[in-house]
Amino acid sequence: METMQSQRPLAAITGACSAIGYELARQFAQHGYDLIAVSEDDGIERLAGELAEHGCQLKALQLDMATLEGQRAFVRAVQWEAEYRPLDALAIHASVGVCGEFARETPLDEELSLLELDVLGSVRLTKALLPHMIKQRHGRVLLSSSKAALHACPYEAVYAASKAFMLSFAGSLRAELKDTGVSVTALLAGDGDAALTARTGFRALMAGEERASASVFMGYERMPLATAV
C-alpha cells in the first residue's frame, strides 16, 4: 500500500460523498489537510481532483462501510498511513436513515444495516483508531450525531436512537480522554444548509468543543451543555 508523501496534517473521513461529508472534506482541504476519504459512492474518485486546487492529497476509498469488511479495510488504510505520519483528525460521518412506522412499515434488515453503519461501525472505527491518537498525545475526533438525538422522532425511531447513542458516546469518550491531548466533538446536524453545517462542525472540531449545531437562520450555534440527553 503506497503512502502519501506530505508535511501537511492528515485527516480521515467517512461518508465523504454525502452532502455534509463532502463539505467537511472541503473544509479540511481548504484548511491545509491531506485526507483519507471513504464512501460507497463512485463519486469518491472525483473528490481528489476537486480538492487538488487546495494542495490536498487525497487517498480515495470506495467501500461499503455498512459491512465489517468495509470497516476493516478503512481502518487498515488509515493505520498504514498513520505508521508514517500523525493522524491529526478523524471525522466519522457515514450514516443512513430509515423512515416509516417501526411496528408495521420499516424492514428489519434495513434497520439492522443502519445500526451496523451508524452505531457498530462508529464504535469499531473509533476503537481501532483512537489508540494512535492517544499515543501521539494529539488528535481531534468529530462524531456526527443529529438534532434528532434531542427528542422523540416518530417514523425515524431507529435513526433517532442511533443518533442519541452517538451523542452519548461522544460525550463519554470526551470525558475519558480529557488528559490525553485528544478531543471529541459531537456535531448535531439538522435539515439546514450542508455547507453551513460542515463549517460549524469543522470550527467546533478545531476549537476542541464538546458539541455544535448549525442553523440556516442563526449561523454558528454552540449547544449549551444542558441540552445533552
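What follows walks through the strands, helices, salt bridges, surface patch and unusual backbone angles of this structure, which is a predicted model.

The paired strands make a good starting point. Strand 1 covers residues 10-14, and five of its five residues are buried, leaving the strand mostly covered. Its side chains split between two directions: Leu 10, Ala 12 and Thr 14 go one way, Ala 11 and Ile 13 go the other, and all of them are buried. The partner here is strand 2, which runs parallel to strand 1 and pairs with it over five bridges. Along that pairing, Leu 10 sits opposite Asp 34, while Thr 14 sits opposite Val 38.

Strand 2 tells a similar story. Six of its six residues are buried, so the rest of the structure largely encloses it. Asp 34, Ile 36 and Val 38 point to one side of the strand, with Leu 35, Ala 37 and Ser 39 pointing the other way, and all are buried. Asp 34 in particular counts as buried because its relative accessibility is 0%.

That buried aspartate isn't left without a charged partner. The side chains of Asp 34 and Arg 8 meet in a salt bridge, at 3.0 Å from N to O. This contact ties together distant parts of the chain, as Asp 34 belongs to strand 2 and Arg 8 to the segment before strand 1, 26 residues apart. The two ends of the bridge also sit in contrasting surroundings: Asp 34 is buried at 0% relative accessibility, whereas Arg 8, with a relative accessible area of 21%, is partly exposed.

In total, the count of salt bridges comes to eight. One of them is local to helix 1, where Glu 23 bridges to Arg 26 with the closest N and O atoms 3.7 Å apart. Both residues lie in helix 1, three residues apart, or about one turn of the helix. The spacing fits a general rule: an α-helix has 3.6 residues a turn, so residues three or four places apart point the same way. Arg 26 counts as partly exposed, at 23% relative accessibility.

Another bridge joins Arg 104 to Glu 101, with 2.7 Å between the closest N and O atoms. Arg 104 counts as exposed because its relative accessibility is 68%, while Glu 101 comes out as partly exposed at 22%. Elsewhere, salt bridges with shared partners tie Arg 8, Asp 34, Lys 59, Glu 81 and Arg 85 into one network. The bridge between Asp 34 and Arg 8 described above thus has both of its residues in that network.

Turning to the helices, helix 2 (residues 44-51) shows a clear sidedness. Ile 44, Leu 47 and Leu 51 are its buried residues. Viewed down the helix axis, the buried residues fall within an arc of 25 degrees, so they line one face of helix 2. What do those buried residues pack against? Their contacts are with helix 1 (19-30), strand 2 (34-39) and strand 3 (58-62). On the face turned away from the buried side, helix 2 carries Arg 46 and Gly 49, both exposed.

Helix 4 (residues 108-136) brings in the surface. Leu 115 lies in this helix, and together with Leu 108 and Leu 112 it makes a nonpolar surface patch of about 270 Å². Leu 115 counts as partly exposed because its relative accessibility is 31%.

Finally, there are two backbone angles to flag. Most residues other than glycine have a negative phi. Arg 137 goes against that pattern, with a positive phi near 65 degrees. Arg 137 sits in the loop between helix 4 and strand 5 (139-146). Tyr 155, also not a glycine, has a positive phi of about 75 degrees, and is found in the loop between strand 5 and helix 5 (157-176). Are these loop residues buried or exposed? Arg 137 counts as exposed because its relative accessibility is 52%, and Tyr 155 is likewise exposed at 52%.

Terms used: Residues are numbered from 1 along each chain as its sequence is written. This is a predicted model: local features need pLDDT of at least 70, side-chain atom pairs count only at pLDDT 80 or more; totals for chains, interfaces and linings use all residues. Side-chain values use heavy atoms; hydrogens and water are left out. Patches are made of residues with over 30% relative accessible area and no salt bridge: like charges are joined within 9 Å, nonpolar side chains (Val, Leu, Ile, Met, Phe, Trp, Tyr) within 5 Å. Accessible areas come from the Shrake-Rupley method with a 1.4 Å probe; for residues, only the protein chains shown count as cover. A salt bridge is a side-chain nitrogen of Lys or Arg within 4 Å of a carboxyl oxygen of Asp or Glu. Helices (H or I, at least four residues) and strands (E, at least two) are DSSP runs, numbered from the N terminus. Buried means under 20% relative accessible area, exposed over 50%, partly exposed in between (1.4 Å probe, protein chains only). The arc is that of the directions from the helix axis to the C-beta atoms. Contact means heavy atoms within 4.5 Å. Two strands pair if DSSP finds at least two bridges between them.
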